[in-house]
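Colleague: I am new to this structure and would like a close look at one part of it. Please choose a sheet, take me slowly through how its strands are arranged, and then follow the chain outward from there.

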Amino acid sequence: MQCKFQVAIVGIGPAGLAASQVLLRHGAHVLLIDENRRPGGQLLRRGGGDSSQQWPREVRTAGNLLQYAPSRSKVLTKARVLGREADGSLWVEDARGRMLAIQAEALLMASGARERFVPFPGWTLPGVISTGAAQVMLKESGVLPAQDLLLAGCTPLLYALGSEILASNGRVQAIVDQANMRTGLGLLIAAAGARSPLGAALASMSRLIRGRVPVHRQRTILDARGDRELEEVLTIKLDNQGEPIPGSERIHPARIAAVGHGFVPNVELPAQAGCDLIQDFYPGTWAVKVDGHMQTSVPGVYAAGEVAGIGGGGKALLEGQMAGWAVLQELGLCPKAEGSRILKSLSPKRRKWLAYGRAVHKYCRPPGQNSRDLSEETVICRCEKVTLAEIKRGVEQGFTTPGALKMATRCGMGMCQGRTCLPIVSEMLAERFPDVPVQPPSVRMPVKAVSVDNMARDNGPNEAAY
């Protein structure tokens, strides 16, 4: 089934919605695509009711435009983008399993980010979940993963999630934060420079203080233990260089531990489309390379938000607006002078958000522990159950790139297609071979797992449906 639009936007989070606001106001015909049931992305995700009233003004306006401009906009939710052909066709599997070939004069990729994982013994036990998974359960379904949770890792999300748990009448046993006070202060200073909504952060901290939630800083997980499910978590204190302090171990009884270590841009689709990537702070973690107008290296393809570098919701909103104005210029829907003036005025604000993003990265990756501290039985690839010992054997045999290790050990061949383990493996290789440049991922279509039946199905032309 072939469908034509002026602009296609992949991802309906803050960046995608902000871009659609600019585009729809100037008469563009826009298609928005997202895997979730509702627009909003992870940051603005909410359950039933008129949750859009809680969104920022720019995004709320975009939602109203989508509702009242149906002749110029189409929203595909629960749909997956599988890849982009050389002729620019975007292949999409819709909610009914139909394969659509989308033609668009301009494409904006706003596919956001996912959580970054740091493995430790026992991280595959039932009861160890990601901070993002816990947040999805709360925001989407209003369900607590458990009445009592332990939060651990090194990410600002620990504090936001802790506040949300308390607001939902849950209990936070403790927050185990690997970062130190110095990096926390640096993050607050960068947030103030970017004019981030510090009020929300301070409100979260205030709620945690009122709830008497203990916060253990410079402490990290050594082990998660349990027979068939999580029963306790062993942590250890770190010195100022991030090294473990012998004798400072502590056991935390826990049935559920929500763990997070920052974020990784979702660059698989841009990489498959041929967009140039740049390293995004961590070895083996990549972001889409964009210019000052959010244009990628592929003509007619733009990127905005976390996919172009981690920096938070404010950065995503700003870059979405910038991408919208740049697309308007390309399509001739606004005077070039007006578009250039607005883009120039937004650029200094973006630089401040990029500085904030660097502070977030520094917070989420404090110095110290790395893969050399793990036991060899630790599972690295959860889908294929590949252990650290197997990966080390592969490296000793000469497989020193993520792609080679994938073929040698099956690491990254599971359902997630390496979205969890390949950044981990890339960091390990960078630690072991610091003089060998880490190569960007090689991605082929389909970028998401899809049934052969759906790929082969002939849906027939039916443009009227879209």
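Modeller: Let us begin with a pair of facing residues, Glu-232 and Pro-253, which stand opposite each other, the latter in strand 14. What you have in front of you is a predicted model, and the description that follows should be read in that light.

The pair belongs to the contact between strand 13, which covers residues 232-237, and strand 14, and these two strands pair in the antiparallel sense over four bridges. They are part of an open sheet of three strands, in the order 12-13-14, with antiparallel pairing. Strand 12 and strand 14 (250-253) stand at its edges, and because each has a single partner strand, one side of each is left without a neighbour in the sheet. On average, neighbouring strands of this sheet are turned by 30° against each other, if direction is ignored. As a general point, strands of a sheet pair through backbone hydrogen bonds, either parallel or antiparallel.

Strand 12 repays a closer look, since Thr-220 is found in this strand, which runs over residues 219-225. Is Thr-220 buried or exposed? Its relative accessibility is 8%, and Thr-220 therefore counts as buried, the cut-off being under 20%. Thr-220 also illustrates how sequence and space can part ways, for Thr-220 and Ala-152 are 68 residues apart in sequence, yet 7.5 Å apart from C-alpha to C-alpha. For the protein chain as a whole, residues 24 or more positions apart account for 66% of the contacts with a separation of 6 or more.

Stepping back along the chain from strand 12, we come to Gln-218, which lies in the loop between strand 11 and strand 12. Its phi is near 50°, a positive value in a residue other than glycine. In general, most residues other than glycine have a negative phi, and most peptide bonds are trans. Gln-218 has a relative accessible area of 16% and is therefore buried. A second residue with a positive phi is Gln-417, where the value is near 55° and the residue is again not a glycine; Gln-417 is found in the loop between helix 11 (402-409) and helix 12. At 36% relative accessibility, however, Gln-417 counts as partly exposed.

On the other side of the loop that holds Gln-218 is strand 11, and this strand leads us into another sheet. That sheet is open and has five strands in the order 8-15-9-10-11, with parallel pairing. Strand 8 (128-130) and strand 11 (215-217) are the edge strands, and each pairs on one side only. Ignoring direction, the average turn between neighbouring strands of this sheet is 20°. Strand 11 runs parallel to strand 10, residues 171-177, and three bridges join them; Val-176 stands opposite His-216 of strand 11. At strand 8, the other edge strand, we meet a helix: helix 3, made of residues 131-141, lies across strand 8 and strand 15 (257-260) and runs at about 75° to strand 8.

The loop of Gln-417 ends at helix 12, and helix 12 in turn has a helical partner. Helix 10 (residues 388-396) and helix 12 (residues 421-432) pack at an angle of about 50°, with 12 Å between their axes. The two helices are therefore oblique to each other, and their crossing is right-handed. Where they meet, Leu-388, Ile-391, Lys-392, Val-395 and Glu-396 of helix 10 face Val-425, Met-428, Leu-429 and Arg-432 of helix 12 in contact. Six of the residues in this contact are nonpolar, none is polar and three are charged.

Beyond helix 12 there is one further feature to point out. Pro-446 lies in the loop between helix 12 and helix 13 (452-456), and a cis peptide bond, with omega about 5°, joins Met-445 to Pro-446. Met-445 is also among the residues touched by Gln-272, together with Gly-83, Arg-84, Val-443, Arg-444 and Val-447, if residues up to four places away in sequence are not counted. Gln-272 itself has its place in helix 7, residues 268-272, and counts as buried because its relative accessibility is 16%.

To set these parts in their wider frame, the protein chain holds 13 helices and 21 strands, and 53% of its 466 residues count as buried.

Technical notes
Residues numbered from 1 in each chain as written. Predicted model: local features only at pLDDT ≥ 70, side-chain atom pairs only at ≥ 80, totals over all residues. Heavy atoms only, no water. Pairing = 2+ DSSP bridges. Axes fitted to C-alpha atoms, helices over the stretch in contact; angles between N-to-C directions. Contact = heavy atoms within 4.5 Å. Parallel < 35°, antiparallel > 145°, perpendicular 65-115°, else oblique. Left-handed = near helix turned anticlockwise from the far one by under 90°. Nonpolar A, V, L, I, M, F, W, Y, C, P; charged D, E, K, R; others polar. Buried < 20%, exposed > 50% of the residue type's maximum accessible area, 1.4 Å probe, protein only.
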